[in-house]
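Work through the exercises below with the structure in view. Try each task before reading its solution.

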Amino acid sequence: MQTLRRIALWLCQALLAVAFVLAGSGKFTGSLWARMFARWGYPEHFYLVVGALEVACGAALLVPRTASLAAVVLIVIMIG
């Protein structure tokens with residue numbers, strides 16, 4: 001049972017990592033994000049900072065030593 005829980009947790013981490021890497025990389029390719037961030041009142045090119053942090057933290061979710069810090073940073077980004 002313990003092994004099954006560990007596999008389920010790792011699978012959730014991997015899916016979240018993929019989701020954040022894809023969402024973060026999407027901010028580099030489209031102009032939609034630039035317009036949305038400007039409409040929300042954020043500084044120019046701030047969407048690139050958010051995208052870089054999402055990609056970096058999404059990848060860091062897969063490293064056990066950095067997963068907790070990456071999760072906290074992603075929580076702060078999602079609150080913003």
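Two helix axes count as roughly antiparallel when the angle between their N-to-C directions is over 145 degrees. The model used here is predicted.

**Exercise 1. Describe the overall build of the protein.**

Solution.
Step 1. Count the elements: the protein has four helices and zero strands.
Step 2. Read them in order from the N terminus: α-α-α-α.
Step 3. Give the dimensions: along the principal axes, the C-alpha atoms fill a box of roughly 50 × 20 × 15 Å.
Step 4. Turn to the surface: about 5800 Å² of the protein is exposed, and carbon and sulfur atoms supply 74% of that area.
Step 5. Turn to burial: 24% of the 80 residues count as buried.
Step 6. Consider contacts with a sequence separation of 6 or more: residues 24 or more positions apart account for 53% of them.

**Exercise 2. Work out how helices α3 and α4 are oriented to each other, and list what lies between them****.**

Solution.
Step 1. Locate the helices: α3 covers residues 46-60, and α4 covers residues 67-79.
Step 2. Take the geometry: their axes come within 8 Å and cross at roughly 150 degrees.
Step 3. Apply the cut-off of 145 degrees. The two helices are therefore roughly antiparallel to each other.
Step 4. Add the handedness: α3 passes α4 in a left-handed crossing.
Step 5. List the contact residues: α3 contributes Val50, Leu53, Glu54, Cys57, Gly58 and Ala60, while α4 contributes Ala67, Ala70, Val73, Leu74, Ile77 and Met78.
Step 6. Sort them by type: 10 are nonpolar, one is polar and one is charged.

**Exercise 3. Repeat the analysis for helices α1 and α3****.**

Solution.
Step 1. Locate α1: this helix spans residues 2-29.
Step 2. Take the geometry: α1 and α3 pack at an angle of about 155 degrees, with their axes 7 Å apart.
Step 3. Draw the conclusion: that angle makes α1 roughly antiparallel to α3.
Step 4. Add the handedness: α1 passes α3 in a left-handed crossing.
Step 5. List the contact residues: from α1 come Ala17, Phe20, Val21, Ala23, Gly24, Ser25, Lys27 and Phe28, and from α3 come Tyr47, Leu48, Val50, Gly51, Ala52, Glu54, Val55, Gly58 and Ala59.
Step 6. Sort them by type: 11 are nonpolar, four are polar and two are charged.

**Exercise 4. Decide whether Glu54, Lys27 and Leu15 are buried or exposed****.**

Solution.
Step 1. Fix the cut-offs: buried means under 20% relative accessible area, and exposed means over 50%.
Step 2. Take Glu54, which lies in helix α3. Its relative accessibility is 4%, so Glu54 counts as buried.
Step 3. List the neighbours of Glu54, leaving out residues up to four places away in sequence: Phe20, Val21, Ala23, Gly24, Lys27, Leu74, Ile77 and Met78.
Step 4. Take Lys27, which is placed in helix α1. Its relative accessibility is 5%, so Lys27 counts as buried.
Step 5. List the neighbours of Lys27 under the sequence exclusion of up to four places: Trp33, Phe37, Tyr47, Leu48, Val50, Gly51 and Glu54.
Step 6. Take Leu15, which lies in helix α1. Its relative accessible area is 56%, so Leu15 is exposed.

**Exercise 5. What separation do the C-alpha atoms of Leu15 and Leu62 have****?**

Solution.
Step 1. Note the sequence separation: Leu15 and Leu62 are 47 residues apart along the chain.
Step 2. Give the distance in space: their C-alpha atoms are separated by 9.9 Å.

Key. Residues are numbered from 1 along each chain as its sequence is written. This is a predicted model: local features need pLDDT of at least 70, side-chain atom pairs count only at pLDDT 80 or more; totals for chains, interfaces and linings use all residues. Side-chain values use heavy atoms; hydrogens and water are left out. Buried means under 20% relative accessible area, exposed over 50%, partly exposed in between (1.4 Å probe, protein chains only). Contact means heavy atoms within 4.5 Å. Accessible areas come from the Shrake-Rupley method with a 1.4 Å probe; for residues, only the protein chains shown count as cover. Axes are lines fitted to C-alpha atoms, for helices over the stretch in contact, and angles run from 0 to 180 degrees between N-to-C directions. Angles under 35 degrees count as roughly parallel, over 145 as roughly antiparallel, 65 to 115 as roughly perpendicular and the rest as oblique. A crossing is left-handed if the near helix is turned anticlockwise from the far one by less than a right angle, and right-handed if clockwise. Ala, Val, Leu, Ile, Met, Phe, Trp, Tyr, Cys and Pro count as nonpolar, Asp, Glu, Lys and Arg as charged, and the others, Gly among them, as polar.
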